[in-house]
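Please follow this explanation with the model open beside you, moving from one sheet to the other and then to a pair of helices and a single lysine.

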Amino acid sequence: MEKIKAAVTAVGGYVPEYRLTNKELETMIETTDEWIKSRTGIEERRILKGEGLGSSDMGYEAVRQLCEKRGIDPKEIDCLICATVTPDMVFPSTANIICEKAGMPNAFGFDLGAACSGFLFALTTGASFIESGRYKKVIVLGVDKMSAIIDYSDRTTCIIFGDGAGAVLLEASNDETGVLDSLLRSDGSGVKHLHMKAGGSVKPATIETVLAREHYVYQEGQAVFKFAVKGMADIGYELMERNNLTGDDIQWLVPHQANLRIIDATASRMNLPKEKVMINIQKYGNTTAATLPLCLWDWEKQLKKGDNLILASFGGGFTWGATWLKWSYNS
Ligand code: UT7
């Protein structure tokens, strides 16, 4: 019997209205538009404003749009995997909350935490559910409200991150397209370079942790940068090599949007010209688990059935990975 493959059959996305520009950041911290653009490639990022709004509200919008585009009733969804580091609450899971908001009573949902690689880890997990034959419709969502955990007085991190959500629907493929291969990696020795100091079980919230600003992203930028360049480029290359793919076989590189210089290094290692690289970091910044599906959302109309895509990521943990996806439809 032929192995079932998981195809992406629809994409949904959502970014908040509010644009935090480099110019506005110049009024908040000691920085310049020129510094941010030349060091990161970012021009603006979207911020979710409004009391009581969280990741589930953005995730819901992406999921709702995806079901509408595919013309399916949310009741048909079997499972929602929500990749995020900014859940609405520590528990219950944000996936749970979205299932209720989106009217998906027949789905089970859970959150998956792998920072910027969350979407890729969730995509491989969701694809395995489809490949097993046990589930028919699985939504893989990447969503982060990074503005909830960013210190806007820290110029080394607040210039980078933004808010957003992107989702794909996975269904069984009836041809050669779908998720074809993945390489995923984790290395806990990277914790010290990128983490949030307090708010977890090791260091629960106290007045002291709040006053010490320990509930925000802590990042040693240069160290992460070095690992990210190597990690993302190497794993993308390895995935291509083990599938006998060359740059000519690939139509699109879909890289995690953390820094334009990291994206350029990855593309060049994989021998891919800039025209084949999805880049939207200039308008959204780094939306953590949402960067990859937001790229697919932005480029959906240009994608053709049979296109070979390599998705690649690197993030806190450290976590990194690459996935080979053969696109399944023309828009
Ligand atoms: O997605 C999760 C994974 N994260 C990443 O992949 C992020 C990887 N790291 C990076 O993207 C970069 O390291 C940053 C964008 C965070 C920083 O860029 P950099 O080129 O590595 O800068 P740096 O940390 O080496 O700092 C260079 C200088 C320093 O000044 P001195 O010590 O040379 O006087 C910083 O204080 O730039 C200064 N600086 C800034 N200046 C203006 C740091 N942030 C800013 C800023 N505006 N916003």
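Strand 11 and strand 12, the latter spanning residues 308–315, pair in the parallel sense over 4 bridges, and within this pairing Val254 has Leu311 of strand 12 as its bridge partner. The model in which these features are described is a predicted one. The two strands belong to an open sheet of 4 strands, which follow one another in the order 8-13-12-11 with mixed pairing. Its edges are formed by strand 8 (178–186) and strand 11 (252–255), each of which pairs on one side only. On average, and with direction ignored, neighbouring strands of this sheet are turned by 15° against each other.

Two helices can be followed against this sheet. Helix 5 lies across strand 8, strand 12 and strand 13 (319–326), and its direction runs at about 130° to strand 8. Helix 7, made of residues 221–242, also packs on the sheet, where it touches strand 8, strand 11, strand 12 and strand 13, with its direction making about 140° with that of strand 8.

Helix 5 leads on to the other sheet, since it also lies across strand 1, strand 4, strand 5, strand 6 and strand 7 (163–172), running at about 165° to strand 6. Those 5 strands form an open sheet in the order 1-7-6-4-5, again with mixed pairing. Strand 1 (6–14) and strand 5 (108–112) are the edge strands, each pairing on one side only, and from one strand to the next the twist averages 20°.

Both senses of pairing can be traced here. Strands of a sheet pair through backbone hydrogen bonds, either parallel or antiparallel. Strand 1 and strand 7 pair in the antiparallel sense over 8 bridges, with Val168 in strand 7 as the bridge partner of Val11. Strand 4 (residues 79–83) and strand 6, by contrast, pair in the parallel sense over 5 bridges, and there Leu80 has Ile139 of strand 6 as its bridge partner.

Although strand 1 is an edge strand, 8 of its 9 residues are buried, so it is largely enclosed by the rest of the structure. One of the elements lying across it is helix 10 (residues 291–299), which also lies across strand 6 and strand 7 and runs at about 90° to strand 1.

Elsewhere in the chain, helix 3 (residues 55–70) and helix 4 (residues 94–101) pack against each other at an angle of about 50°, with their axes 9 Å apart. Because angles from 35 to 65 degrees fall outside both the roughly parallel and the roughly perpendicular ranges, the two helices are described as oblique to each other. Helix 3 passes helix 4 in a right-handed crossing, and the contact is made by Ser55, Ser56, Asp57, Gly59, Tyr60 and Val63 on the side of helix 3, and by Thr94, Ile97, Ile98 and Lys101 on the side of helix 4.

Finally, is Lys137 buried or exposed? This residue is placed in the loop between helix 5 (118–131) and strand 6 (138–145). With a relative accessible area of 14%, Lys137 counts as buried, because the cut-off for that class is under 20%. Its side chain is joined to that of Glu171 by a polar contact of 3.3 Å. Beyond its neighbours within four places in sequence, Lys137 is in contact with Ile72, Glu76, Ile77, Asp78, Cys79, Ile130, Leu169, Leu170 and Glu171.

Terms used
Residues numbered from 1 in each chain as written. Predicted model: local features only at pLDDT ≥ 70, side-chain atom pairs only at ≥ 80, totals over all residues. Heavy atoms only, no water. Buried < 20%, exposed > 50% of the residue type's maximum accessible area, 1.4 Å probe, protein only. Polar contact = N/O pair within 3.5 Å; in protein donor to acceptor, adjacent residues only side chain to side chain. Contact = heavy atoms within 4.5 Å. Pairing = 2+ DSSP bridges. Axes fitted to C-alpha atoms, helices over the stretch in contact; angles between N-to-C directions. Parallel < 35°, antiparallel > 145°, perpendicular 65-115°, else oblique. Left-handed = near helix turned anticlockwise from the far one by under 90°.
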